[in-house]
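The following exercises concern a protein structure and are to be worked through in order. Each task is followed by a solution in steps.

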Number of protein chains: 2
Amino acid sequence: MNQDYIKPNEWSLIEEGFNPQKVKSSESLFSLGNGAMGQRANFEEDYSGESFQGSYIAGVYYPDKTRVGWWKNGYPEYFAKVLNAPNWIGIHVQVEGETLDLNTCTKVSDYARELNMKQGWYQRSFVASMPNGVDLKVKATRFLSMTLTEVGAIKYEVTPLNRSVEVVITPYVDGGITNEDSNWDDAFWQINEVSSKDDFAYVRSMTNKTAFDVCTGMLNELYLDDQKVEVKGEVVSESRKVGLKYTLKLSQGQKATLVKFAGYVTSLNHKSEVLVEASEQILIKARNYGFDALLESQIQEWDAIWQMADITIKGDVKAQQGIRFNIFQLNQTYSGKDSRLNIGPKGFTGEKYGGSTYWDTEAYCIPFYMATKDEKVARNLLTYRYNQLDKAIENAQKLGFTDGAALYPMVTMDGEECHNEWEITFEEIHRNGSILFAIYNYTRFTADKSYIPEMGLEVMIAISRFWKQRANFSTDKNQYVILGVTGPNEYENNVNNNWFTNYIAKWCMEYTAQTIEMVKEDYADDFARVIKKTKLSDQEVAKWLEVAENMYFPFDEKRNVYLQQDGFLDKELVPVSELSKTQRPINQKWSWDRILRSPYIKQADVLQGFYFFEDQFSLEELERHFDFYEPYTVHESSLSPCVHSIQAAVLDRMDQAYTFYLRTSRLDLDDYNKEVHEGLHITSMAGTWMSVVEGFGGMRVKNDCLSFDPKIPKEWDAFSFKVNFRNQILKVEVSHSGTTFKLEGDRELKILINGQSTMLQPDNKIVL
Amino acid sequence: MNQDYIKPNEWSLIEEGFNPQKVKSSESLFSLGNGAMGQRANFEEDYSGESFQGSYIAGVYYPDKTRVGWWKNGYPEYFAKVLNAPNWIGIHVQVEGETLDLNTCTKVSDYARELNMKQGWYQRSFVASMPNGVDLKVKATRFLSMTLTEVGAIKYEVTPLNRSVEVVITPYVDGGITNEDSNWDDAFWQINEVSSKDDFAYVRSMTNKTAFDVCTGMLNELYLDDQKVEVKGEVVSESRKVGLKYTLKLSQGQKATLVKFAGYVTSLNHKSEVLVEASEQILIKARNYGFDALLESQIQEWDAIWQMADITIKGDVKAQQGIRFNIFQLNQTYSGKDSRLNIGPKGFTGEKYGGSTYWDTEAYCIPFYMATKDEKVARNLLTYRYNQLDKAIENAQKLGFTDGAALYPMVTMDGEECHNEWEITFEEIHRNGSILFAIYNYTRFTADKSYIPEMGLEVMIAISRFWKQRANFSTDKNQYVILGVTGPNEYENNVNNNWFTNYIAKWCMEYTAQTIEMVKEDYADDFARVIKKTKLSDQEVAKWLEVAENMYFPFDEKRNVYLQQDGFLDKELVPVSELSKTQRPINQKWSWDRILRSPYIKQADVLQGFYFFEDQFSLEELERHFDFYEPYTVHESSLSPCVHSIQAAVLDRMDQAYTFYLRTSRLDLDDYNKEVHEGLHITSMAGTWMSVVEGFGGMRVKNDCLSFDPKIPKEWDAFSFKVNFRNQILKVEVSHSGTTFKLEGDRELKILINGQSTMLQPDNKIVL
């Protein structure tokens, strides 16, 4: 861990004391989001110190022209990235002509930040001793409304403590922003209008190339000692920015409060011709609520989320804070209401990974959203991929595949591949398997029978076609092989027969073949439609099964383990424990070739397969493979510790499970990877949830039933979580003395507890 | 072949008729060079059509900041590239106020270019019908002096054909040039001075970062109807350019001739403070010669080169033209006088590959220079690497190697690695072997016993240390393996146990161990010095031998062939002959992953090993491996056909050998790869020479003797070549009726002919 300045607290993140070195880290940690937009915790007032400005609109992106050293045939032309959007939080504050800027103050006292996760708001307060001798007390409270998702609200309070002063407060919206990450320093935005109408001011800007039309508007209220005052702001307009300037005389101790309602409306959800009007309307609606009522509504929205999604941990404040932070951020990032959206690895907290969709969604995020939200949310995530099937087929065609085979992109916004490293873009093809696995996982969990015939089957056929074409018959091995891939462990590139990839390929083809039979039987109309559309023949399916049945898997007889890939045993097998700390993390210390020829594993690879397909292996097999691979695993991916935590729990290695749990749940809070200033690891947060529910709770779906095998780390007194299983809510509380299962629902539910079948009655609980 | 507009001619390249589409191709093909500088055949007068401007100074480069899509730890900070240098050929021509520009003429008649390879000059002539109705006859003759290597000379003759006109001729030098290839559009040059002194005008410019100081100067003479006239030019000076303007009234049919002496002097060879003076001095010296005398001297210089280097081919003009073109360009590129210089893959004919040094030098070029020049030339090429040993050790350290191990860069100018694709930069390590092989090859051919103790041994030790560290013991195979490499066939990346790499690694360690014994015995002082410097121990050498003796080689028992790498037989082994033409070249049609998992071979890989180490394999083994690998070889590297031509000749497959020969010798003339406009494939031209001398001539060094096994393609009547073997010249003439060996020397020479030992007497010949 690299930091511990965030105070342990069950429901809040609290920072006390102003440290300019921490500003960028805190900007990430205190990020706000409401699914439709999000922003780093930048200061409202001017700040001339080091900062990373970021405000993002879900679904608004720019195709940044690809930059590579050496072009490879087949590379995509651009990397679509969610981009820094106009700043609507900004408030210039001038006191007697001097700009408030924490970087130039002679002293900053009583500085504190709180991110209240329970209620979904963020507050910052301080006393600034300004160079002109004025001590100004400031309290800024901010939230992005879950009720009106196009609106954010700021209450900005200033009080001169040591004398009467003239204060000029200028809230503004500013379209003159840039991305830190830009390949060619393109202008991402053009400004079309900077204007105001009464107390509503706005900047209208449009992304270049993609033409997302965005109106960033604001509407303000002013209070003196909590009494509303009617002051007309003076319009201060620049080419990309508009402000409303309020000049106030404050006596010593008198408080001025600016309430700023602001936010984005976009052409994603409104017609361009009414965009400005829509912006004004929504802000008026917010003002009609009023700050306090809107905040009250926010608290209720978050309460509803927590009612369902909360995990409690007793006796371990840091663990409690960690899991809530993860759940909070996941809910800030994706609300599941819009199937055009997805979950970027950094959510709305930074620019890295471009806000795009990775296989993280299917492999890590779906279980969380599936179990803590209505099933429509997970279904929307599946629909996102269904809607991009045509582009996945095009993508496969670019790489030489034919006949409707699909390769989903490694990284995408609108379905087109964005990534441009050949060893990832072209070769990390297991992602295709995870997309199919997610369909299976969703169906298994929700028992929603309609998704597959309506949408999923087409995706499954296209993916199975890909695998069939991607495998080739090795006359040498007399089996099918898959050559030249990169597995989940990206510290191996262009290997042959990555076990995970071969396994999921085989599984995809077999599961698709089974599913075809099911659809044929149960959904004859859908079946006929899909067959007509895909021109699938029985022979084709038979060929898939031939490839699946004859798939080769690297295996070591001596150790009785599957090998991560061909040739793995040729490596110098020195465990991580014998590696000097000075060499870690290897991705910062070693050249790429050295990493590649080492045995070191970035994240679960064979073990990822054991995680996905746990029921196809015995506990002994899991133990053997865990014992073989984990010692070579450096966990330099944020997605690594969670899978290992779950498997350590399965193996009853609770100390190890707990260590991995801490690492995943407090990855950002404790900044294990020294990069929290770049943003948070949103998608791996879903892995944290899994490590509690699936790891310690031991939750699985087995034989169409929820199954539990609860265990508790010795560091905890108790923990609890809830699961929405097929529209009934099950609450599980685990302590050292036993486990309680409580069903909130309308019908009985059979569950398995430590393998024993038990019937739960609605609104009743069972204590074990 | 993609073009055939170059007229077949034994000694010249001739183009007739003006075709703007061919301008860039011809600019490459008609390039001039003299080892110290070189230039594309750009027009002297203005040209507004498509053109690729290029003028290059040997050894003057710029470190262009690396650009990659995804940074990998260990990548070099820059790519050093030879850069486009100030233009000294330029001559503005205005006729009655209208600029001469072939792109705007109403008609261009009698257009012809000739590159006279025998005499080393280039001429272009045409009649331009200008928009203003003037028909202007132009003849421009140009050469880069082999006598005064800092000077080029141009004779530019203009004659108005249809009326009397005023002509303004403004020869100039221009520092305002740019590179087409630039990663960040940096300014590569700064202009420090633009000035003139009497009839000498110059631009003084300096490369940024590397601070190469260059004075580009010119000195002109003017003639009317071949009578010298004294006209003082009017200085026309701009910020980066200076010209001297001559205004002439020409009556119809009257010829004006501008003789321009111009060129570069640089801080590589002169002190900065006398640079301008040196420029003026050398140009005055050239003028004192006079154009005709300097050209006469040029003809003599080239005559001397051809005396030694010429290869004649009777009965096949295109083959004759091809081989002479190759020999001519090699001599234009590298004269071997300066051990700071080396041979860029495109020489002075384009920007691609940055003019930097690749393993091409050791693997392909050294045999040519060794056999057609004084042995000092090859020794200079070896010295170049010796001088960069410290940087090669540093380079290895960056990649985690220790204790004086060296990894020579894949691409370099001054010894630092420039390349930035991990699969090449970090993994194409066989280059290290070729550098050691070149030392062996040089010693074997020249019997120069001094190079190794003086310089070579240190290089050899450092390289052997690298191999020992780079191999690791596989407990699984109970042998040493080399993991994660790219072999000579770059259509495979990050493979395990590339046979060529493993073989050359083993050979390096064994040969170094032997050589150490030799030096210890024969050069005790040098031995002591090297041991002291390198701290080499007997144990270390013993360890090398252990690794070498226990090196693993992938082998297929069934086919009885060595495998290019582990897993090669898992590929879908469809021969190139069954690949549709629409799929070729695969590097333009296929994505990189598809190329990688295919069996297709870019250039000789296992066969490259059989070429280097021919005497370690039987003819049957060669045949078996040739038959196995050649059918999968797409020859998409310019370095591929030559090795195959040689081996086809060894195997008595003369039709195939001839086909490969044509492809290598006329690669650029016939533009097989559709890229001649980018520049010529200089280093592969040495391979063409090898395919005649080593392929058809069958020349080898065996048991310290030159050995021949002459064969002649049925398409030829006869061919001949000369070899400088240990300071004696042997001329070999092969026809269908027999072979003649003639020795020009001062002592008898034992040679092997078809395995039979024969003694040649000085100035005597043997006919077989």
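**Exercise 1.** Determine what kind of contact the side chains of E423(B) and K72(A) make.

*Solution.* The model is predicted. Step 1: the N to O separation between the side chains of E423(B) and K72(A) is 3.5 Å. Step 2: a salt bridge requires a Lys or Arg side-chain nitrogen within 4 Å of a carboxyl oxygen of Asp or Glu, so the pair qualifies. Step 3: E423(B) and K72(A) therefore meet in a salt bridge. Step 4: by this rule, six salt bridges are found across the interface of chain B and chain A.

**Exercise 2.** Describe which elements and residue classes make up the side of chain B that touches chain A.

*Solution.* Step 1: between chain B and chain A, 22 residue pairs are in polar contact, both residues being at pLDDT 80 or more. Step 2: four elements of chain B, namely α8 (422–425), β22 (472–474), α14 (586–589) and α15 (592–597), each supply at least two residues of this side. Step 3: the most comes from α15(B), which gives five residues. Step 4: sorted by class, the side of chain B comprises 17 charged, 15 nonpolar and 13 polar residues.

**Exercise 3.** State how many residues enter the contact and how much area is buried between chain B and chain A.

*Solution.* Step 1: 45 residues from chain A and 45 residues from chain B take part in the contact. Step 2: the size of an interface is often expressed as the accessible area lost when the parts come together. Step 3: between chain B and chain A this area is about 4,000 Å², and carbon and sulfur atoms give 47% of it. Step 4: in chain B, the residues losing the most area to chain A are W70(B), D570(B) and R597(B), together 18% of what that side buries.

**Exercise 4.** Which rotation superposes chain B on chain A, and how are the two copies related?

*Solution.* Step 1: chain B is superposed on chain A by a rotation of 180° with 0.0 Å of shift along the axis, at an RMSD of 0.1 Å. Step 2: the two copies are therefore related as by a two-fold rotation axis. Step 3: within chain B, V68(B) has the C-alpha nearest the axis, 2.3 Å from it. Step 4: of the interface residues of chain B, 100% are also interface residues in chain A, so the copies meet through the same surface.

**Exercise 5.** What are the helix and strand contents of the two annotated spans of chain A, residues 14–267 and residues 324–690?

*Solution.* Step 1: an unreviewed UniProt entry annotates residues 14–267 of chain A as "domain: Glycoside hydrolase family 65 N-terminal". This span is 52% strand and 3% helix, with its end C-alpha atoms 37 Å apart. Step 2: for residues 324–690 of chain A, UniProt (unreviewed entry) lists "domain: Glycoside hydrolase family 65 central catalytic". Here the content is 53% helix and 3% strand, and the end C-alpha atoms lie 13 Å apart.

**Exercise 6.** Is the peptide bond from R584(B) to P585(B) cis or trans, and where is P585(B) found?

*Solution.* Step 1: most peptide bonds are trans. Step 2: the bond from R584(B) to P585(B) has omega near -10° and is cis. Step 3: P585(B) is found in the loop between β25 (561–562) and α14 of chain B. Step 4: in chain A, a cis peptide bond likewise joins R584(A) and P585(A), with omega about -15°.

Definitions and conventions: Residues are numbered from 1 along each chain as its sequence is written. Chains are lettered from A and ligands numbered from 1 in the order in which they are written. This is a predicted model: local features need pLDDT of at least 70, side-chain atom pairs count only at pLDDT 80 or more; totals for chains, interfaces and linings use all residues. Side-chain values use heavy atoms; hydrogens and water are left out. Contact means heavy atoms within 4.5 Å. Buried area is the accessible area (1.4 Å probe) that two parts lose on being put together, summed over both. A polar contact is a pair of N or O atoms within 3.5 Å; within protein, one must be able to donate a hydrogen and the other to accept it, and residues adjacent in sequence count only if both atoms are side-chain atoms. Ala, Val, Leu, Ile, Met, Phe, Trp, Tyr, Cys and Pro count as nonpolar, Asp, Glu, Lys and Arg as charged, and the others, Gly among them, as polar. UniProt positions are given in the numbering used here, feature names are shortened, and annotations may be inferred rather than shown by experiment. Copies are superposed by least squares on the C-alpha atoms of residues with pLDDT of at least 70 in both.
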